[in-house]
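Morning, everyone. Please bring up the model on your screens, and I will talk you through it.

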Amino acid sequence: MTRAEKNFTAMIRHIVVLLTVIFVQASISAASSVDVEGVRFGENASATRFVIDLSGTTSPSVFMLADPYRIVIDLPNASWKGKADVKPIGVVDGYRHGLFSDDTYRIVLDLKQPAVVANAFSLPAGRGSGPRYVIDIKKESRSKFLQAVASSKPERPAVVTRATPEIASPRRRAAGKRVIVLDPGHGGPDPGNLGVIGVHEKVITLKIARAIRDELNKTGRYEVHLTRDRDIFHKVRERFRIARRHKADLFISIHADSIQNPKVNGGSVYNLSENASDKEAERLAARENKSDLIAGLDLDATDDTLTGILIDLAQRETLNYSAQFAEILVSEMRTDVPMLRRAHRFANLGMLKAPDVPSVLLEAGYLTNKTNARFLNSKNGQRRIAQAVRRAIDRYFAELNTNAR
Ligand SMILES: [Zn+2]
């Protein structure tokens, strides 16, 4: 490169940085224009009322989904300032909420039975109340519910395509560096499971992922990307698509398990397989694959991410690498982190379906076991997991290089 070319490149780089700063600031200010100050439930003979207290006015979109019966409320440019969650009543069984995309905050209501939105309206501030959005929910037959679902179809594409603007085009790989994509499980309106210590899986997976990223960055040998670095939702298939866009050498999805028996503790590592290695692995895949459903998405029939899998030849090679890495990861984890006795497992997991990126899912431990949950939520636990993962990644690439010689 000549000096003039270098200067030009530097100038372009400056402009890009400036534009990025402006864009980020713009999206931050846009993303927090309305606060949700809390939600309330009420009930009378004919309906269950759901009230969202807001700091200002906004125009939410409301739609229904079947199987399971759900009502989804999308609040544009809103953020959550509400305190403790309240107990649902009436026809509402439970609810959750979180950032669905950069500009949409989502609340999902789970219904005990088919019930439709009979009324939905905004009220201005007045008589001791701030501005609020009110939804009246009425029990209905399944057939009436399904009719209502059809006429309340969400405007999904706009929301989904905006979910990950920051990685729309693959970045050029830093010279000689292996690319690792870490995927903190769950996020936004999909909290994952709630541990006995009262911390959601989505919070713990992000802490572990950040610890691994920092540990890998210290080596200077890796280019590390996170599928999310905040509390936001991604579709299951979007997670491995991010890995593919980065042309990742390795994809690690990070989760924390739950089980009925509170004594069970220890981590495990999963590879993709058409057949689950055992009943527990099968149940786990069913739970983890439910993420999209929990976040209020209608699973379209053409999406085979979660159902069928067709493993072709190219993918077989990827699966071999994935299994190799899983073996190494289990052995490195075992030296310093509690692990299940039979820790290398197989299941039909949607996020592991990139055909060309070796992928594993790390269940770092059980949130249903108090000691294990505290370990996963502690700085010490996160550091030990991160170091084990870093040792495993080092070893995996060292072995690949030896075999290539
Ligand atoms: Zn999970």
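I will go from the metal site to the strands around it, then to the cavities, and end with some backbone geometry.

Some ground rules. This is a predicted model, where local features need pLDDT of at least 70, side-chain atom pairs count only at pLDDT 80 or more, and totals for chains, interfaces and linings use all residues. Residues are numbered from 1 along each chain as its sequence is written, and side-chain values use heavy atoms, with hydrogens and water left out.

Start with the zinc ion. Which protein atoms are its donors? They are His186 (NE2), Glu201 (OE), His255 (ND1), and Glu288 (OE) listed twice, lying 2.0 to 2.4 Å from the ion. A donor here is an N, O or S atom within 2.8 Å of the metal (3.2 Å for Na, K and Ca); water is not among the atoms, so sites may look incomplete. Along the sequence, the spacing of the donor residues reads H-x14-E-x53-H-x32-E. His186 and Glu201 link distant parts of the chain, 15 residues apart: His186 sits in the loop between β10 and α4, Glu201 in helix α4. On naming: helices (H or I, at least four residues) and strands (E, at least two) are DSSP runs, numbered from the N terminus.

Are those two donors buried or exposed? His186 has 6% relative accessibility, so it counts as buried. Glu201 is buried too, at 1%. The cut-offs: buried is under 20% relative accessible area, exposed is over 50%, partly exposed is in between, with a 1.4 Å probe and protein chains only.

Now strand β10, residues 178–184. Six of its seven residues are buried, so β10 is largely enclosed by the rest of the structure. It runs parallel to β11 (residues 222–226), with five bridges joining them. Leu182 has Leu226 as its bridge partner in β11. β10 also pairs with β12 (residues 250–257), again parallel, over five bridges. There, Asp183 partners Ser253. Pairing requires at least two DSSP bridges between the strands.

How do β10 and β11 relate to helix α4 (residues 201–219)? Together they make a right-handed β-α-β unit. Right-handed means that, with the strands pointing away from the viewer, the path from the first strand over the helix to the second runs clockwise.

Next, the cavities. There are two of 30 Å³ or more. A cavity is a set of points, on a 1 Å grid over the protein atoms alone, where a 1.4 Å probe fits but cannot get out; lining residues have an atom within 4 Å of a point. Points are joined across faces, edges and corners, and volume is the space filled by probe spheres set on them.

The largest is about 40 Å³. Helix α8 (residues 313–334) gives the most to its lining, with four residues. The second largest is about 30 Å³. Its lining includes Asp183, His186 and His255. By class, that lining has two nonpolar, four polar and three charged residues. Ala, Val, Leu, Ile, Met, Phe, Trp, Tyr, Cys and Pro count as nonpolar, Asp, Glu, Lys and Arg as charged, and the others, Gly among them, as polar.

Last, the backbone. His186 has a positive phi, near 65 degrees, in a residue other than glycine. Asp67, also not a glycine, has a positive phi of about 50 degrees. A cis peptide bond joins Asp67 to Pro68, with omega about -5 degrees. Pro68 lies in the loop between β3 (61–65) and β4 (70–76).

Definitions and conventions:
1 Å grid on protein atoms, 1.4 Å probe; cavity = no way out; pocket = protein on both sides within 12 Å on 5 of 7 lines; lining within 4 Å.
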